[in-house]
Amino acid sequence: MSVDRKKLEALLQWYKQEIGENLIVALIVNREGLVMATLKGSSEVEVEEDVIGGVSALVEPVLTRITEEFSSGSFGTGTFDTEDHRFIFCEAGPEAIFVTVLNSIAMVDPVFPYAYLAAEKISRIFDGRTVSPVIPKLISDDITPKIERKVDKLQKIKIKSGEYAYKLILGGEGGVGKTSMVHRFVEDSFQADYKSTIGTSIMKKECEFEGLESRVRFVIWDLAGQAQFKRVRQTYLGNAEVGILVYDVTSQDTFESIESWFKEIKSVSPNISLILVGNKIDLEEKRIIYTEKGEELSKKLKLSYIETSAKTGENINDAFKMLALQMIKRYAFAEEV
Ligand code: GDP
Ligand code: MG
């Protein structure tokens, strides 16, 4: 297949202009792991020769994983941190992966919308469709809904009929175990293999369930450390169809904050289906929020409730399954996308 490489390169130039000095390098790689286009950032930081080599080494296992787990060609994204760099991987259609390498001190969140836009455009270029390589500046809140719509559209386009992919978000204070739950759920084989190299991993992933007639796919958005930035937070909480509200059963504060998370999430994603999770039940001796309290709150908020331990894995799958069932009940007869 012939790809308009000039356009790919022009797009990377625009991308570089928008991302600024934190960009170390941006790469477009195909499914075989071959680099299709590269652009080094303009930062004063010397781009070490081995960054690109290092990227290829990282891209390979990620690609293997993506091809295995996203075999239907549906949307997938991940971020990885190494000591020196932060990586953002965005699937750009069935053909390519768009890789952004940032300075280790860069914030990933402001870059995400640009990465999505770029990935969407790359996907179009690979499809041979008309697309402008221009990446617009996304500066104000007014722009945010537009990006969301694009991201949303991007996800929906890739859902095959009869399959469902829902944006899943996690709410709750830092430290309650959200990331641990996701890692548990998405199976940590990758993490186990690559933990030493890439440290923290995975922000999003799709999943399927055995034993359920309908296939339910989740695109999991883990909010990581950006919780303090309300504006960014709303972008990521928006357009979500499912969500998990998590508190830590050993912490009163995290329990008390659930209602405000509930309100905030509902205000940006009013139709979201949520469940309430009390995590860290393995810490029996430290526990201060007991089942009755959790159930009471879940009744008040009209949510299903489940208790988990991301450490032992107890009920983690069931929590996600509970959500899947809610979605099946809710959308089983909705029109196919
Ligand atoms: P997040 O900030 O909500 O994403 O929380 P993390 O997943 O980063 O977890 C915060 C800390 O709690 C980490 O040290 C985890 O190892 C720990 N943790 C998470 N889940 C559990 C659990 O179920 N039991 C125990 N004992 N520790 C947990
Ligand atoms: Mg986290």
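**Entry 1: the chain as a whole**

I began with burial: of the 337 residues of the protein chain, 55% count as buried. Buried here means under 20% relative accessible area, exposed means over 50%, and partly exposed lies in between, with a 1.4 Å probe and only protein chains considered. I noted that this is a predicted model, in which local features need pLDDT of at least 70 and side-chain atom pairs count only at pLDDT 80 or more, while totals for chains, interfaces and linings use all residues. Residues are numbered from 1 along each chain as its sequence is written, chains are lettered from A and ligands numbered from 1 in the order in which they are written, and side-chain values use heavy atoms, with hydrogens and water left out.

I looked up the secondary structure and found 11 helices and 10 strands in the protein chain. These are DSSP runs numbered from the N terminus, H or I of at least four residues for helices and E of at least two for strands. The accessible surface of the chain is about 15,800 Å², and carbon and sulfur atoms hold 49% of that surface. Such areas come from the Shrake-Rupley method with a 1.4 Å probe; for residues, only the protein chains shown count as cover. I also checked contacts (heavy atoms within 4.5 Å). Among those between residues at least 6 apart in sequence, 69% join residues at least 24 apart.

**Entry 2: strand β5 and its partners**

I turned to strand β5, residues 96-103: eight of its eight residues are buried, so the strand is largely enclosed by the rest of the structure. Which strands pair with β5? Strand β1 (residues 23-30) does so in the antiparallel sense over seven bridges, and V25 stands opposite V101 in β5. Strand β4 (residues 85-92) also runs antiparallel to β5, joined by eight bridges. Pairing requires at least two DSSP bridges between two strands. In the β4 pairing, H85 stands opposite N103. β4 and β5 form a hairpin with three residues between them, and G93 in the turn has a positive phi of about 75°.

**Entry 3: strand β8**

I then looked at strand β8, residues 242-248, where seven of the seven residues are buried, so β8 is largely enclosed by the rest of the structure. I listed its two faces: V242, I244, V246 and D248 lie on one side, G243, L245 and Y247 on the other, and all are buried. β8 runs parallel to strand β9 (residues 273-279), with seven bridges joining them. V242 stands opposite S273 in β9.

**Entry 4: E256**

Is E256 buried or exposed? I found E256 exposed, with a relative accessible area of 52%. E256 lies in helix α8, residues 252-256. Its side chain makes a polar contact with the side chain of Q252 at 2.8 Å. A polar contact is a pair of N or O atoms within 3.5 Å; within protein, one must be able to donate a hydrogen and the other to accept it, and residues adjacent in sequence count only if both atoms are side-chain atoms.

**Entry 5: ligand 1**

I counted 15 residues around ligand 1, the closest being G175, K178, S180, D282 and A310; a residue counts if one of its heavy atoms lies within 4 Å. Helix α5 (residues 178-185) gives the largest share of this shell, three residues. A backbone N or O atom of A310 lies 2.8 Å from an oxygen atom of the ligand.
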